[in-house]
Amino acid sequence: MKNIFTATAGENISGYEWVMLTAGELFAADLSTGQAIGVILGNVTDGNQVQVIMTGSIINYPEEGLTAGATYYLDESMPGAMTDTKPSPVSQILGYALTAGDLLIHIGTRIVEQQFAVGAIYVSTVSTNPATLLGYGTW
């Protein structure tokens with residue numbers, strides 16, 4: 001399996017940001033709208049090509065203080081960033097820290113944790129968009 005591919009950036013993206021592919025271009029991965037497909041190692045400006053790493057390991061990952069053995073997820077509040085705190089109700093695993101400086105890339109599928117049983121009907125009198133209230137759904 002090929003673990004690196006080249007694509008065009010759809011915006012300016014910083015090195016070591018996790019990216020998603022939208023309409024054939026790369027953007028900083030945003031947990032609310034999509035899922036990460038890989039990470040880039042260097043800065044890239046809008047319209048330029050960059051290599052995306054999808055699997056493997058990154059030795060001497062520049063993120064300060066990885067916690068050995070910790071699972072890392074796509075950050076829910078900062079597109080392209082990762083965190084060792086599992087977001088909820090939507091999450092996506094990016095990888096595992098082998099040491100304080102080495103990251104094993106193991107990108108998982110974006111998961112929406114269901115808060116209600118299948119077939120359940122949720123009734124609300126608030127006008128808040130379901131995506132805001134529940135983390136998924138539309139009007």
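# Notebook: a first walk through the chain

I began with contacts: of those in the protein chain between residues at least 6 apart in sequence, 47% join residues at least 24 apart. I note here that this is a predicted model.

**Entry: the chain as a whole.** I looked up the elements next and found 1 helix and 12 strands in the protein chain. Read from the N terminus, the order is β-β-β-β-β-β-β-β-β-β-β-β-α, with the helix written at the end of that run. I then checked burial: 33% of the 139 residues in the protein chain are buried. For the surface, I noted about 8,000 Å² exposed by the protein chain, with 53% of it supplied by carbon and sulfur atoms.

**Entry: a sheet.** Which strands sit side by side? I found 5 strands forming an open sheet, in the order β6-β11-β10-β7-β8, with antiparallel pairing. The edge strands of this sheet are β6 and β8, and each of them pairs on one side only. I took a closer look at one pair: β7 and β8 run antiparallel and are joined by 2 bridges. In this neighbourhood I saw Y73 standing opposite T83 of β8.

**Entry: T83.** I stayed with T83, which belongs to strand β8, residues 82–83. Is T83 buried or exposed? Its relative accessibility is 14%, so I wrote it down as buried. I listed its contacts, leaving aside neighbours within four places in sequence: T71, Y72, Y73, L74 and D75. I also found the side chain of T83 reaching the backbone nitrogen of T85, at 3.1 Å.

**Entry: D75.** One of the contacts of T83 is D75, so I went there next. D75 lies in the loop between β7 and β8. I had to check its burial too: with a relative accessible area of 16%, D75 is buried, because the cut-off for that word is under 20%. Which backbone nitrogen does the side chain of D75 reach? I found that of M78, at 3.2 Å. Beyond its neighbours within four places in sequence, D75 is in contact with L31, A81, M82 and T83. I paused at L31: D75 and L31 are 44 residues apart in sequence, yet 7.2 Å apart in space, C-alpha to C-alpha.

**Entry: nonpolar cores.** I went looking for groups of buried nonpolar residues. In soluble globular proteins, nonpolar side chains tend to be buried together. The largest nonpolar core here has 19 residues, and those with the most contacts inside it are W18, Y61, L66, Y72, L74, M82 and L103. I noted which elements give two or more residues to this core: β2, β7, β10 (93–97) and β11 (103–106). A second, separate core has 9 residues, including I13, V19, I40 and V52.

I picked Y72 from the largest core and listed its contacts, again without neighbours within four places in sequence. Among them are G65, L66, T67, M82, T83, I93, L94 and L103.

**Entry: two tyrosine rings.** I counted 1 aromatic pair. How are the rings of Y16 and Y61 set against each other? Their centres are 5.3 Å apart and their planes stand at 80°, so I logged the pair as edge-to-face. Y16 lies in the loop between β1 (4–9) and β2, and Y61 in the loop between β6 and β7, so the pair ties together parts that are 45 residues apart in sequence. I compared their accessibility: Y16 is partly exposed at 27%, whereas Y61 is buried at 5%.

**Entry: backbone oddities.** Most residues other than glycine have a negative phi, and most peptide bonds are trans. I therefore searched for departures from that habit.

- I found A23 with a positive phi of about 50°, although it is not a glycine. A23 lies in the loop between β2 (18–22) and β3 (25–28), and at 81% relative accessibility it is exposed.
- I found N60 with a positive phi of about 60°, and it is not a glycine either. N60 is in the loop between β6 (55–58) and β7 (71–74), and its relative accessible area of 60% makes it exposed.
- I found a cis peptide bond from S88 to P89, with omega near 10°. P89 is in the loop between β8 and β9 (90–91).

Definitions and conventions
Residues are numbered from 1 along each chain as its sequence is written. This is a predicted model: local features need pLDDT of at least 70, side-chain atom pairs count only at pLDDT 80 or more; totals for chains, interfaces and linings use all residues. Side-chain values use heavy atoms; hydrogens and water are left out. Helices (H or I, at least four residues) and strands (E, at least two) are DSSP runs, numbered from the N terminus. Buried means under 20% relative accessible area, exposed over 50%, partly exposed in between (1.4 Å probe, protein chains only). A polar contact is a pair of N or O atoms within 3.5 Å; within protein, one must be able to donate a hydrogen and the other to accept it, and residues adjacent in sequence count only if both atoms are side-chain atoms. Contact means heavy atoms within 4.5 Å. Accessible areas come from the Shrake-Rupley method with a 1.4 Å probe; for residues, only the protein chains shown count as cover. Two strands pair if DSSP finds at least two bridges between them. Rings of Phe, Tyr and Trp (its six-membered ring) pair if their centres lie within 6.5 Å; planes under 30 degrees apart count as stacked, over 60 as edge-to-face and the rest as tilted. A nonpolar core is a set of buried Ala, Val, Leu, Ile, Met, Phe, Trp, Tyr and Cys residues joined through side-chain atoms within 4.5 Å.
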